[in-house]
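Me: Please take a close look at a single part of this predicted model. I would like one helix described first, and then what can be said about packing and empty space elsewhere.

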Number of protein chains: 2
Amino acid sequence: MISETHIVLDHGSGGLLSHELVVEVITKTLGDRHLGKLDDSAVLDCPPGRLAITTDSFVIDPIFFRNGNIGKVAVCGTVNDLSVSGARPLYLTLALVLEEGFPIRDLERILEAVRETAREANVHIVAGDTKVVRRGEVDKIFINTAGVGTLDPRRPHPSVHRIEPGDKVLVTGPLGDHAIHILSLREGLGFEDRVQSDCAPLNGLIAGLIETLGPDVHFMRDITRGGLGTLLNEVQGGRPWRIEIRETDLPIKRETAMAADMLGVSPLYLANEGNLCVFVPEGAASRALETIRAHPYGRNAAIVGDVVADRRGDNGDSGYSADSRSNDVDTCTHPVVMRKTDGSLDVVEFLRGAELPRLC
Amino acid sequence: MISETHIVLDHGSGGLLSHELVVEVITKTLGDRHLGKLDDSAVLDCPPGRLAITTDSFVIDPIFFRNGNIGKVAVCGTVNDLSVSGARPLYLTLALVLEEGFPIRDLERILEAVRETAREANVHIVAGDTKVVRRGEVDKIFINTAGVGTLDPRRPHPSVHRIEPGDKVLVTGPLGDHAIHILSLREGLGFEDRVQSDCAPLNGLIAGLIETLGPDVHFMRDITRGGLGTLLNEVQGGRPWRIEIRETDLPIKRETAMAADMLGVSPLYLANEGNLCVFVPEGAASRALETIRAHPYGRNAAIVGDVVADRRGDNGDSGYSADSRSNDVDTCTHPVVMRKTDGSLDVVEFLRGAELPRLC
């Protein structure tokens, strides 16, 4: 039994109320997903192999949305970050920063989502930390999860260095749904029932894909802040090939496109929380698509573009000439482009100046 | 070159400014302490053995103090948490939540402290995350570090389950200095020059102690929030022995005692950030003390108490009787006690009702 209904400063003092909060609320709600013993560190067995380690803080606003909450996002984000490196996620840490006055019932709902998502992803919460700050020093609750996974040393893990010209670019779901759901709730746009967050742990989908394709999974990354557009620019990173995506093939819900238009942003730059970008060789692309679509979180997957050898544009012109079919894009200085529905090329740059904070 | 002098919302967008902040400020300042490759997860080699995993968020106020800052505390806290479990700290993650408007020069100073402390502790920062929230949604900067270390499988690691009656209780430094330094700065008490924070990475001291004593290091924990008093109550945790400490043997600076008195709290409940409580068998206690005192961070170490077999009190009375020498403490219901300078016994309970937020 916990003696308070709302968080007070002494829940973070390290003293009696801290102890009560950890025992009566946090570890009790996490249930079988919690492996820690309230020691400073959890000591754990770990299968041999290389380690993947990641961290992510979650500051999403609002903390509760129609089909999830900050606890679900906090588990999904870190599970997905580990999984795209080819690792099997094993252990998560959970660090809470709580505002004085935060309702303990809300904390329990968040921890229930942590537990259920961790159960789905088959990861354990092994260490935790709780800090309380005064009213106005944090907005309700921020969560950090760090994650540890292992990589099978017998097979090459997906890496940006394994991308090759000729590779196909796939996405596993519609672009921007998470961002539109959250922004719609926050800004009162009215789309929140028609566009739900895609927040999901993708380690099952990824494990199936690696099982089927093996080393043909050249590279994966989950599409989060900055959207597909920024992801492709980071992946290209000055490497000697370019990426061309096709507007017509991008899976985007009609309502998402409408909302993005109202907000003056492109779905290319909107965040997802359960959507991957995958690079595979051409010969493996249809098998990859089939495998992804067979998974509940990948039903709307699509092949959306190509990695092209020649950074000069597909007319084979030399150096800094423009692309012959569009006459408006220099693909040497702009190595990520989108073929529009009218056949012209658009530059896809890094996201800049959108000011869309707290989507995750 | 970074184009802004203060944090703007788009530093957290995942887009161009995020990329610039990570490349031009964060990884550049972390220098050789940074092993990550800006991928979602760092993939790392790890020596065989068991893993220790921990996490800690840091919300200290003020973020800069006389002999350190939030960056130093964030590395020390997690290094120490790993080390007391008997692990060798290897890898840290670093997650920043920044308030819009935060000066980038301050961020650099904090990251410089992260780098230098990580260098001293010989750990690497392997993965990071940066979120930006609007003004007023966080107070300046919060940092989370999670840590991974390995345990040598050939020797038993320190654990609360290895504490035995007859063990001696040691502390490696004066109680409460970190808390008094921070509270003095925050409340304007005027002690901040005479009492400095003891914030330090203790993995070197701990490695030396384990090297010398081996399995005789029964248990260690760093004294943080809640102080020694709370730590001893957590350690006792209903086990069939009691702990008796001696007031006269507790290392407490005169200025710390004065400041604590002004604040109406006992140094027994004040936080340190570079101070350990260690349990060793009686026969190993003087060797432990000598080893700890030989280390620069352990010069003021002391043997401060004992683990006593009988929870009923040292007069051998049965059940719920009071201690014969004090006649005021039932050591069965109060298994952590302090023998005061006048010979009487005081109950040492969990810290309650101190309301001392943001000391780490």
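Reply: Start with helix α8 of chain B. The cover over its buried residues includes β8 (168-171), α5 (203-213), β11 (276-280) and β12 (302-308) of chain B. Remember that this is a predicted model.

Which residues of α8(B), residues 285-293, are buried? They are Ala285(B), Ala288(B), Leu289(B) and Ile292(B). Look down the axis of α8(B). The buried residues fall within an arc of 100°, so they line one face of the helix. A general rule helps here. An α-helix has 3.6 residues a turn, so residues three or four places apart point the same way. Now turn to the other side of α8(B). Ser286(B) and Glu290(B) are exposed there.

Next, look at a pair of helices in chain B. Helix α1 (residues 16-30) and helix α3 (residues 104-121) of chain B pack at an angle of about 35°. Their axes are 8 Å apart. From α1(B), the contact uses Leu21(B), Val25(B), Ile26(B), Thr29(B) and Leu30(B). From α3(B) come Ile104(B), Leu107(B), Glu108(B), Leu111(B), Glu112(B), Val114(B) and Arg115(B). By class, this contact has eight nonpolar residues, one polar and three charged.

Chain A has its own α1 and α3. The axes of α1(A) and α3(A) come within 8 Å and cross at roughly 35°. Leu21(A) and Val25(A) are among the α1(A) residues in this contact, and Leu107(A) and Leu111(A) are among those of α3(A). The contact of α1(A) with α3(A) divides into eight nonpolar, one polar and three charged residues.

Now for the empty space. Rolling a probe the size of a water molecule over the atoms shows where empty space is left. The count is five cavities of 30 Å³ or more. The largest cavity holds about 120 Å³. It is lined by 17 residues, and the closest to its centre are Gly12(A), Ser13(A), Arg225(B), Leu356(B) and Leu359(B). Its lining has 11 nonpolar, three polar and three charged residues.

The second largest cavity has a volume of about 100 Å³. Of its 13 lining residues, the closest to the centre are Ser57(A), Val97(A), Asn144(A), Ser57(B) and Val97(B). Strands β5 (88-99) and β7 (141-151) of chain A, with β5 (88-99) and β7 (141-151) of chain B, each give two or more residues to this lining. The lining of the second largest cavity has nine nonpolar residues, four polar and no charged.

Notes
Residues are numbered from 1 along each chain as its sequence is written. Chains are lettered from A and ligands numbered from 1 in the order in which they are written. This is a predicted model: local features need pLDDT of at least 70, side-chain atom pairs count only at pLDDT 80 or more; totals for chains, interfaces and linings use all residues. Side-chain values use heavy atoms; hydrogens and water are left out. On a 1 Å grid over the protein atoms alone, a cavity is a set of points where a 1.4 Å probe fits but cannot get out, and a pocket is an open set with protein on both sides within 12 Å along at least five of seven lines; lining residues have an atom within 4 Å of a point. Grid points are joined across faces, edges and corners, and a volume is the space filled by probe spheres set on the points. Ala, Val, Leu, Ile, Met, Phe, Trp, Tyr, Cys and Pro count as nonpolar, Asp, Glu, Lys and Arg as charged, and the others, Gly among them, as polar. Helices (H or I, at least four residues) and strands (E, at least two) are DSSP runs, numbered from the N terminus. Axes are lines fitted to C-alpha atoms, for helices over the stretch in contact, and angles run from 0 to 180 degrees between N-to-C directions. Contact means heavy atoms within 4.5 Å. Buried means under 20% relative accessible area, exposed over 50%, partly exposed in between (1.4 Å probe, protein chains only). The arc is that of the directions from the helix axis to the C-beta atoms.
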